[in-house]
Protein chains: 2
Amino acid sequence: MAKEKPRDLRAGVALLWGEQDQPTRGPKPSLTTQRIAAAAVVIADADGLDAVSMSKVAAEFDVSAMALYRYVPGKAELVELMVESVLADAPDLSAAGDGWRQRITEWARRSAAVHRAHPWLLAATAMRRQLMGPNQLGWLDSALAALEPTGLSAAEQHRVFVLVAGLVRTLVQQDLDFDEQHSREWSRLTDELLERHADRFPTLTRAIAAGAFAPDPVDPLEFGLARMLDGVQLLLHPDDAAG
Amino acid sequence: MAKEKPRDLRAGVALLWGEQDQPTRGPKPSLTTQRIAAAAVVIADADGLDAVSMSKVAAEFDVSAMALYRYVPGKAELVELMVESVLADAPDLSAAGDGWRQRITEWARRSAAVHRAHPWLLAATAMRRQLMGPNQLGWLDSALAALEPTGLSAAEQHRVFVLVAGLVRTLVQQDLDFDEQHSREWSRLTDELLERHADRFPTLTRAIAAGAFAPDPVDPLEFGLARMLDGVQLLLHPDDAAG
DNA sequence: GCAGATACGTTTAAGGTATATACAGTTCTG
DNA sequence: CAGAACTGTATATACCTTAAACGTATCTGC
């Protein structure tokens with residue numbers, strides 16, 4: 001995962017879009033990129049992205065690690081295929097209602113659900129220089145479709161999309177980071193430290209005392225979306241109070 | 001980076017807070033955790049987080065890789081120390097004005113600046129199960145201080161903080177991902193693909209034609225903050241239009 | 001002052017990782 | 001039916017983290 005190989009974008013795109021010409025001679029391949037990606041997804045779902053190694057994936061097919069390089073140029077491309085694999089079926093938002101707000105909210109919920117179902121997805125799409133495949137573009141397309149009725153300019157729609165997608169990422173990550181046991185132990189240790197350093201962190205100390213970090217019944221995604229979309233709505237109708 | 005070692009939280013916290021009792025016997029250590037972290041930061045700034053390896057850091061001090069393990073339990077802890085190192089000096093927001101909005105905006109700008117100056121910081125703080133040191137808490141404290149005058153409940157202030165911090169992360173990441181050359185080449189390839197698949201991505205095709213992905217003179221952070229804080233302001237004063 | 005305890009840094013090595021290269025075997029094409 | 005083209009394997013390189021054993025430097029208690 002460390003070294004940056006020089007990448008052939010053209011080849012990467014062709015791979016992601018399934019636009020490679022099949023050779024006619026030679027033995028029939030025993031695998032497909034789809035099956036490889038699917039196997040990698042199973043491993044990542046179970047043990048995290050770091051657990052996905054060429055040899056572990058190859059082992060799923062009783063094949064040597066090097067065999068995978070006949071299908072995939074390298075690990076970076078494998079991860080891209082994993083992302084595509086998991087983003088199949090861009091959401092149909094027409095059932096969510098007619099308003100742009102309902103639709104983009106539904107988009108955010110679905111996106112959050114996918115990210116929660118595949119915790120490695122966040123890390124995978126956080127990697128620099130990622131290419132986007134058709135499925136990822138499908139999600140983008142459906143979000144933009146939801147925002148189209150706002151009447152905002154194309155540039156503004158794009159900006160809003162970035163905000164909403166970012167919000168989903170942030171809040172899902174918060175979710176995933178939360179681990180009951182770990183969290184409890186950390187709180188205990190930190191409380192103790194904060195008591196000793198209360199003067200350095202006056203506001204924080206007060207906030208904790210006031211329950212700022214206590215379990216919160218409000219769904220952060222719903223809260224965040226509501227605030228953010230209120231802000232967008234204000235951009236559309238500067239005079240109205242949002243409802 | 002792959003395996004998850006069982007971690008001793010207590011030890012990790014002690015390390016991060018510099019609360020370890022110095023031994024009296026034995027040779028004097030030739031290094032300090034601070035110097036080690038600083039060297040690692042230099043490497044990461046130059047070549048990315050993946051380029052930080054125990055042996056490269058050790059080489060900066062002409063010392064064997066294993067020597068570092070006398071100072072740091074493992075690489076995860078080293079990364080935590082790097083984060084602390086870079087988050088020294090929590091921002092003083094008093095110069096930004098009196099309003100909560102000005103102050104939290106300033107906080108976001110400063111936070112973004114640090115993240116941009118150390119591109120690996122995003123990845124480093126995205127790791128699961130991270131511990132927070134005093135400097136990281138300092139930043140948290142100052143953000144909460146900025147939000148205190150809103151009069152929101154402690155829980156609400158926390159929720160808003162999460163939104164703002166997330167916004168910064170998202171938008172900085174977008175920034176960092178952007179690479180002139182790569183982006184240009186990708187556009188070219190994608191345009192070509194989209195033309196062939198316009199029916200699959202109708203909205204996206206339209207959006208691109210309308211310039212949604214053209215260079216945008218508006219600073220996304222300012223745009224995002226404005227929308228988000230408008231939303232928050234509406235929470236405070238449901239009847240007013242935000243200005 | 002000196003023995004013993006303790007801590008530092010090194011060497012060695014084990015067990016991971018990605019992936020380059022050379023090769024053996026299989027299958028289609030001319 | 002020979003040769004080209006392709007698949008998968010075996011081998012090897014160059015990394016990575018980190019465990020264990022060891023020699024050596026330094027302080028503490030006597």
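**Two chains and a DNA strand in a predicted model**

Student: Which residues come nearest to DNA strand C?

Tutor: The model is a predicted one, and in it 28 residues lie around DNA strand C. Those of this group that come nearest are Pro23(B), Gly26(B), Ser30(B), Ser64(B) and Ala67(B).

Student: Which helix gives the largest share of the surface near DNA strand C?

Tutor: By class, this surface has seven charged, eight polar and 13 nonpolar residues. Three residues come from a single helix, which is the largest share of the surface near DNA strand C, and that helix is α3 (residues 54-59) of chain A.

Student: What relation links chain B to chain A?

Tutor: A turn of 180 degrees, with a shift of 0.0 Å along the axis, lays chain B on chain A with an RMSD of 0.1 Å. That is the relation of a two-fold axis. The same surface serves both copies, since 98% of the contact residues of chain B recur in chain A. The relation asked for is therefore that of a two-fold axis.

Student: Which helix supplies the largest share of the side of chain B that touches chain A?

Tutor: Contact joins 65 residues of chain B with 64 residues of chain A. Several helices of chain B each supply at least two residues of this side, among them α1 (9-16), α7 (134-147) and α11 (220-236). The largest share, 16 residues, comes from α8(B).

Student: How many residues of each class does the side of chain B that touches chain A have?

Tutor: On chain B, 65 residues are in contact with chain A. Sorted by class, the side of chain B that touches chain A has 16 charged, 11 polar and 38 nonpolar residues.

Definitions and conventions: Residues are numbered from 1 along each chain as its sequence is written. Chains are lettered from A and ligands numbered from 1 in the order in which they are written. This is a predicted model: local features need pLDDT of at least 70, side-chain atom pairs count only at pLDDT 80 or more; totals for chains, interfaces and linings use all residues. A residue is near a molecule or strand if its C-beta atom, placed from the backbone, lies within 6 Å of it. Helices (H or I, at least four residues) and strands (E, at least two) are DSSP runs, numbered from the N terminus. Ala, Val, Leu, Ile, Met, Phe, Trp, Tyr, Cys and Pro count as nonpolar, Asp, Glu, Lys and Arg as charged, and the others, Gly among them, as polar. Copies are superposed by least squares on the C-alpha atoms of residues with pLDDT of at least 70 in both. Two residues are in contact if their C-beta atoms, placed from the backbone, lie within 7 Å.
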